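Biologist: Could we go through this model term by term, with each label set against its definition?

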Amino acid sequence: MTYAISDLEQLSGIRSHTIRIWEQRYNALSPMRSQGNTRLYDDKQLRRLLNIVSLNKSGLKISKLCRLSDEAIDKLLDQQFSYPADDEQADYYVSQLIRHGLAFDERSFNQLIDQGIDQLGLSDCYRKIMYPLLVRLGLMWRKDDICPAHEHFLSNIIRQKIFTHIDNLPPTRHSDKSWLLFLPEDEDHDIGLLFASYMLRMHHHQVIFLGSKVPLDSIKRIFSTLNVGHVLLFMIKSRLAAAAQKYIDQLSEICSSTKIHLAGNSQVIGKLNNIDHINWIKTLDEFEKIIHYPVLHERNF
């Protein structure tokens, strides 16, 4: 797949002007050229840029990073962003699940993930196995160790498991106030949102689950017809600070009478201004406290 520099800007959250400077000063990327002399980038160049941006945000100098080979950047990624499992057993699960996934061995993958859920329950299996697996998959994609087909194959099986457990929960009692769960229009990684839906339903909260890529106009229509008590969304993709701020400002205006809970990319959320009215959820433990004591958090925020 090829990308224009404007695509790289949206995917990385780095302005086109800055990307050009990195190319000119440090030879960060080596774009191809169209017949009209327009810069074009492939998947390898995109991965390299995303890796440089991530490592730069962790404190490493851009001038040093741009001089590194892809192999050297991969080693730094392993040191900085590998997500350790809680124990040796969980690490075994993650490693074996990746092995089955790379072979597209659905039967073996299902058997092993079901075994983990049986032993730990879905909540702890998500904490100790599923989430570390997803983080490692993201790292492997960044290092070009897997193709998107592998990531989609594994993610869809995990998604199916969560859906199955949601379906097996008893019906939720009717409530005057509901939780509205969705992802912004440019977001499609919904496994964390799905798991949040499961946790809420397990604790008997009423949930309206919209899923990924939901336009703000749709949220506005819902608020004109329903009494929503809580809004939960994830912002995971890197994006320009101004674009993220504009989205949150618009959402806040639509949901002015509702408690907004926001989770996701700390590099993006941490740059937002005027969000004292929003509950930034940084950990799963924080989310569980909100589920158990929603009235207390409504008062505190």
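Biologist: Which residue is the bridge partner of Ile-260 in strand 7?

Modeller: In strand 7 the bridge partner of Ile-260 is Ile-278. Please keep in mind that this is a predicted model, in which local features need pLDDT of at least 70 and side-chain atom pairs count only at pLDDT 80 or more, while totals for chains, interfaces and linings use all residues. Numbering starts from 1 along each chain as its sequence is written, and side-chain values use heavy atoms, with hydrogens and water left out.

Biologist: How do you know that strand 6 and strand 7 pair?

Modeller: Two strands pair if DSSP finds at least two bridges between them, and strand 6 and strand 7 (residues 278-280) have 3 bridges in the parallel sense. The strands themselves, like the helices, are DSSP runs numbered from the N terminus (E, at least two residues, for strands; H or I, at least four, for helices). By that count the protein has 14 helices and 7 strands.

Biologist: What joins strand 5 to strand 6?

Modeller: Strand 5 (residues 228-235) is joined to strand 6 by 6 bridges, and the two run parallel. Phe-234 has Ala-263 as its bridge partner in strand 6, and His-230 stands opposite Lys-259 in strand 6. The chain passes from strand 5 through helix 11 (residues 241-254) to strand 6, a right-handed β-α-β crossover. The label applies if, with the strands pointing away from the viewer, the path from the first strand over the helix to the second runs clockwise.

Biologist: Why is strand 5 called largely enclosed by the rest of the structure?

Modeller: Buried means under 20% relative accessible area (exposed is over 50%, partly exposed lies in between, with a 1.4 Å probe and protein chains only). In strand 5, 8 of the 8 residues are buried, so the strand counts as largely enclosed. Strand 6 (residues 259-264) is mostly covered, with 5 of its 6 residues buried. Over the protein, 45% of the 301 residues count as buried.

Biologist: What makes strand 4 and strand 7 the edges of the sheet?

Modeller: The open sheet holds 5 strands in the order 4-3-5-6-7, with parallel pairing. Strand 4 and strand 7 each have a single partner strand, so one side of each is left without a neighbour in the sheet. Neighbouring strands here are turned by 20° against each other on average, direction ignored. On the strand 4 side, strand 3 (residues 178-182) pairs with strand 4 in the parallel sense over 4 bridges, and Leu-181 stands opposite Phe-209 in strand 4. Strand 3 is also joined to strand 5, again running parallel, by 5 bridges, and Ser-178 has Val-228 as its bridge partner in strand 5.

Biologist: Which strands does helix 11 touch where it packs on the sheet?

Modeller: Helix 11 touches strand 3, strand 5, strand 6 and strand 7, and its direction makes about 170° with that of strand 5. Contact means heavy atoms within 4.5 Å, and the angle, on a scale from 0 to 180 degrees, is taken between N-to-C directions of axes fitted to C-alpha atoms, for helices over the stretch in contact. Helix 10 (residues 216-223) lies across strand 3, strand 4 and strand 5, at about 170° to strand 3.

Biologist: Why does Phe-104 count as partly exposed?

Modeller: Its relative accessibility is 42%, and so Phe-104 falls in the partly exposed class. Phe-104 sits in the loop between helix 6 (88-102) and helix 7 (106-142), and has a positive phi of about 50° although it is not a glycine. Most residues other than glycine have a negative phi. His-204 likewise has a positive phi, of about 70°, without being a glycine. His-204 is in the loop between helix 9 (191-202) and strand 4 (207-211) and is partly exposed at 44%.

Biologist: Why does Lys-75 count as exposed?

Modeller: Lys-75 has 58% relative accessibility, and therefore counts as exposed. Lys-75 lies in helix 5 (residues 70-81). Lys-75 and Lys-143 are 68 residues apart in sequence and 9.4 Å apart in space, C-alpha to C-alpha.

Biologist: How do you know that the radius of gyration agrees with a compact globule?

Modeller: The radius is taken over C-alpha atoms, and the globule rule is 2.2 Å times the number of residues to the power 0.38. For 301 residues a compact globule would be near 19 Å, and the protein has 21 Å, which agrees. Along its principal axes the C-alpha trace spans about 60 × 45 × 35 Å.
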